[in-house]
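Please open the model in your viewer and keep the selection panel at hand. The stops below go from charged pairs to the nonpolar interior and end with the confidence values.

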Amino acid sequence: MPGHHRVRFADGPSTPSSTYSDSSFASSPGPYTPPALYAAPLPSKYYGASPSYYPVPLPQVDFHPVLVHAVGGIALSWDVTQPVESATMQTPSAQYPVTARVAADPATTPPVSTITVVCEHLPWTITVVPRQDAHWAAPYVTVGDVLHTLYRALRLAVTVAELNTVDVGHQQRIHDAYGARWPRAARPDAREAERAKGIKRVDFLGDARVFCGLSLVPEGIPTKGLPPGAVWRLHVARP
């Protein structure tokens, strides 16, 4: 297979060693009243024998403004190869860190207990569920859950078998992305560590590593039992 870099592959997916901590988000005081929780956006009749927590049709599901894909601008500035703590929220006049209150906000309206994220560059789906060990813990998916889960999922190691699920052209873009990613680490020891870890799932994005939000996949993925409103598409772009 063509490629300019000699790389390592893991024998299987590994749990990434994240530099992210639950205290990374800027603090913001004040109580928060959790909203009502919806487990799914459509009733069971649409998908046959579904679990009993699809009791009634639910309203349209929308994403938090910080996460939503919007034409003409983005509310969150984030290079997804970097830890979540590097992400900043943007306004017309300023940018500032993601606050603890925003991290605790429901990722969707109405709130849901799980979402699935897909991306045209990735052969995997990413499932986001509430993190009960986080300071923003809630019974529904929060903004913090989405950002942290995306980062950790993209940091997972890639096996040779997984690399071979994509065509040769995509494989070359993956190798190029890996070769460009590890030298960006700030310290020499960090660069060597990243090089030694080999290709990661984030490299499947090629040079499109800027977070551009999420948009609804209107039809869901019926073949996987994922109804409309449960599946969202990750948009990324080149720097």
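A search of the whole structure finds 11 salt bridges, each defined as a side-chain nitrogen of Lys or Arg within 4 Å of a carboxyl oxygen of Asp or Glu. This is a predicted model, in which local features need pLDDT (the predictor's confidence in each residue, from 0 to 100) of at least 70 and side-chain atom pairs count only at pLDDT 80 or more, whereas totals for chains, interfaces and linings use all residues. Residues are numbered from 1 along each chain as its sequence is written, and side-chain values use heavy atoms, with hydrogens and water left out.

**Charged network**

Select arginine 181 and glutamate 194, whose side chains meet in a salt bridge of 2.6 Å, N to O. The pair links distant parts of the chain, with arginine 181 in helix 4 and glutamate 194 in helix 5 (residues 188–197), 13 residues apart; helices here are DSSP runs of H or I with at least four residues, strands are runs of E with at least two, and both are numbered from the N terminus. Arginine 181 is buried at a relative accessible area of 6%, and glutamate 194 counts as buried at 12%, buried meaning under 20% relative accessible area, exposed over 50% and partly exposed in between (1.4 Å probe, protein chains only).

Add aspartate 203, which forms a salt bridge with arginine 181 at 2.8 Å, N to O. Aspartate 203 lies in the loop between helix 5 and strand 8 and arginine 181 in helix 4, so the pair ties together parts that are 22 residues apart in sequence. Next, select lysine 200, which forms a salt bridge with glutamate 194, the closest N and O atoms being 3.3 Å apart; both of these residues are buried. Salt bridges with shared partners join Arg155, Arg181, Glu194, Lys197, Lys200 and Asp203 into one network.

**Helix 2 and the core**

Now move to helix 2, where 11 of the 12 residues are buried, so that this helix is largely enclosed by the rest of the structure. The largest nonpolar core (buried Ala, Val, Leu, Ile, Met, Phe, Trp, Tyr and Cys residues joined through side-chain atoms within 4.5 Å) has 44 residues, of which Leu67, Leu76, Trp78, Val146, Phe211 and Leu214 touch the most other members. Helix 2 gives the most to this core, with 7 residues.

**Confidence**

Finally, colour by pLDDT: the mean for the protein chain is 81, and 74% of its residues reach 70 or more. Among the elements of the chain, helix 2 has the highest mean pLDDT (98) and strand 1 (residues 62–63) the lowest (90).
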